[in-house]
2 protein chains.
Amino acid sequence: MRDVAVIGIGQTPVAEHWDKSLKELAGEAVIAAMRDAGREYADGMFMGNMMSGSANHQQHLGAYIADWVGLRFTEAAKIESACSSGAASFRAAFIAVASGEMDCAIAAAVEKMTDSTSDEITTQLATAADADYEAGMGLSFVALNALIMQRYMHEYGWGKEHFAPFPINAHANAAHNPNARFQEPINLATYEKAGMICPPINLMDASPMGDGAAALVLVPLDSVSSTAKRIRIIGSAGATDSIAIHHRKEPLFLQAAYLSSQKAYKMAGITPSEIDFFELHDAFSIMSALSLEASGFAERGQGPRMAVEGEIFPGGRLPVSTRGGLKARGHPVGATGLYQLVEVVQQLRGEAGKNQLDRARIGMAQNIGGSGSNIITHILQAI
Amino acid sequence: MRDVAVIGIGQTPVAEHWDKSLKELAGEAVIAAMRDAGREYADGMFMGNMMSGSANHQQHLGAYIADWVGLRFTEAAKIESACSSGAASFRAAFIAVASGEMDCAIAAAVEKMTDSTSDEITTQLATAADADYEAGMGLSFVALNALIMQRYMHEYGWGKEHFAPFPINAHANAAHNPNARFQEPINLATYEKAGMICPPINLMDASPMGDGAAALVLVPLDSVSSTAKRIRIIGSAGATDSIAIHHRKEPLFLQAAYLSSQKAYKMAGITPSEIDFFELHDAFSIMSALSLEASGFAERGQGPRMAVEGEIFPGGRLPVSTRGGLKARGHPVGATGLYQLVEVVQQLRGEAGKNQLDRARIGMAQNIGGSGSNIITHILQAI
């Protein structure tokens, strides 16, 4: 397989985009990424998206968006794996370029959620849970995560306040990200006063939905001449787990995160200690803790300690959600995985503005579909 | 890139599967393919499907089906490109194995349509059309194809009866396919008496929906020891076109079929004359004619001549729909592309029963998404 580099990135703000259609939103990100890459053509486009068929009455986004951005005739398909659709499209583009089948592939993703009512969106999101055993019983995604968090607190003895640093860090970082949905910092009082959604998950434990699109352009590394843009994909892997949580042997351990991160470390030839920062999937505070543990950064049951001890903040041992994460940048479901990867590239290029980390040589992004049932890990390096 | 072979195939009958859930249906095909391949494990599974999110309230089919068939933890994703989702999943599996990233990949696809009413399905199918310019105007897929057929007959002077051999051939072949939805032959009188759906398309010009699943197992060619199963993928390519037909320069020419078939011929190092049989996408009779023309088997406007002169029947110059095609085997939308490929492998292996062709050394399958907006062509060879 050939070495692959990211040479272009694009994103829209995460917001309520009432003035843009689905294709205008996606097109904005794709065209920005192509301009950034200095390319006007690609051999293929992989379009991550979860629910355009129900939320926007439009499937077939590969051909649909390719045509809109001026890539009519280019090979294209939509990739879906619930909330990890974005990273899945990136992985498809990576394999296509690494294989030699394509010399330039675009990983793009879009989700336009606010055209639907929140009731409709809750129902549509529940199609990522098990229709027979979870959604059919009335379990929404918040409820599923609440069950996990409740059990986790019981098993390991953490209090609710120990999860507060996750959203506090995310909001502090998002204050400097013009594309973030929420750009206001919060503090412990905000967290403690936040309305309860589904105990123990309160409003500050849950990421907001939103409309958004992001895109990256991938090419063979040896075709990149600009040293400023030599961002190499050194690790790429995905793994699944049972969708229904009760089927899992250990409901408090993200086996798919463990498997995909281990594969990615092996491919990159590094250990977790060499990761400088981590764009993790903080859809809910509990997922941040579980992701840190399964990816080898904390012992089991000790994820919140990294938050409490400040290791996840900028300047800490492992900064996470450096541009606001899902919690504050926002979580446009199928597009989230590509926002994470765009942000990794920004840090590696030194283009993260006031969020720029002092040390950002190797960055990792992990995108979680369902309540941990499809997890994709990527590691990128500035070279 | 490595040479890739198909070593396992599986399918369910196309029918109204009231007694099976979505996962049971998909699982039946995947497990059959794995048994046929003699494999109990795969590195990845690519799940073709168009509308499980709306028709079955279940997205996230990669993880969902992987877990059900005993492949929990295996990397998986859903691939969607409307009616060509099946071939898109095959192409993803092909690239993954060719690249060296996977040593065994499963291309699987499922569609379970009969749980919905036909009104609901018509609406869901219309999400493969352009939501703004086509579906929003009330155009269903039958109506879109009727517009194309009407114009085609006007431009080239063909009568309706000249399209009859397409469904007559399909039904004659399906009579010997135990997995076909309709196993009764029809004749010219049947065609002429058939109820009109949307002029000029009558009931015999349109393929039936249905529930179905199909799967194939792909591995590196050099790992296949059994000579009986050395079925090599010698051509693989996809291309898109504008979804909205009025945007196309030539609405009567399938540019995406032309591009993907030319790429596939080039990759295979062959000319169209070397293709022994062709599993084409006869969702509507008019699509058969357009597919033959754009793929280089007939001059523009002359596709029906191949039907009228019997060239498409078994023993003719280019047999098509050898096991019944979409018209009589049935068209479970997202799964159709893999039925076509399973049937190509059956012919190449000499396992097509009474449908077995005398000469079946190189076979081609072409899967069309939308009204020609995403077309994927594969060429397989028995070696």
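**View 1. Strand E4 of chain B is largely enclosed by the rest of the structure, because seven of its seven residues are buried.** In this predicted model, the strand covers residues 105-111 of chain B. Let's look at its two faces: Ala105(B), Ala107(B), Ala109(B) and Glu111(B) point one way, while Ile106(B), Ala108(B) and Val110(B) point the other way, and all are buried.

**View 2. Here are the strands that pair with E4(B).** Strand E2 of chain B (residues 44-48) runs parallel to E4(B), joined by five bridges. Within this view, Phe46(B) stands opposite Ala107(B) of E4(B). Strand E7 of chain B (residues 212-220) pairs with E4(B) in the antiparallel sense, over seven bridges. There, Gly212(B) of E7(B) is the bridge partner of Glu111(B).

**View 3. Moving to chain A, we meet domain 1 (4-117 + 210-229) and domain 2 (138-207 + 234-382).** Taken over C-alpha atoms, the centres of the two domains of chain A are separated by 23 Å. Their contact takes 34 residues from domain 1 and 32 residues from domain 2. On the domain 1 side, strands E1 (4-11), E4 (105-111) and E7 (212-220) and helix H4 of chain A each give two or more residues. H4(A) provides the largest share, eight residues. By class, this side has 21 nonpolar, 10 polar and three charged residues.

**View 4. Helix H4 (residues 85-99) packs against helix H13 (residues 336-349) in chain A.** The angle is about 65 degrees, and the axes are 5 Å apart. H4(A) contributes Ser85(A), Gly86(A), Ala87(A), Ser89(A) and Phe90(A), and H13(A) contributes Thr336(A), Gly337(A), Leu338(A) and Leu341(A). Four residues of this contact are nonpolar, five are polar and none is charged.

Methods. Residues are numbered from 1 along each chain as its sequence is written. Chains are lettered from A and ligands numbered from 1 in the order in which they are written. This is a predicted model: local features need pLDDT of at least 70, side-chain atom pairs count only at pLDDT 80 or more; totals for chains, interfaces and linings use all residues. Axes are lines fitted to C-alpha atoms, for helices over the stretch in contact, and angles run from 0 to 180 degrees between N-to-C directions. Helices (H or I, at least four residues) and strands (E, at least two) are DSSP runs, numbered from the N terminus. Two residues are in contact if their C-beta atoms, placed from the backbone, lie within 7 Å. Ala, Val, Leu, Ile, Met, Phe, Trp, Tyr, Cys and Pro count as nonpolar, Asp, Glu, Lys and Arg as charged, and the others, Gly among them, as polar. Domain bounds come from an automatic or database domain assignment. A residue is buried if 20 or more other C-beta atoms lie within 10 Å of its own, exposed if 12 or fewer, and partly exposed in between; C-beta atoms are placed from the backbone. Two strands pair if DSSP finds at least two bridges between them.
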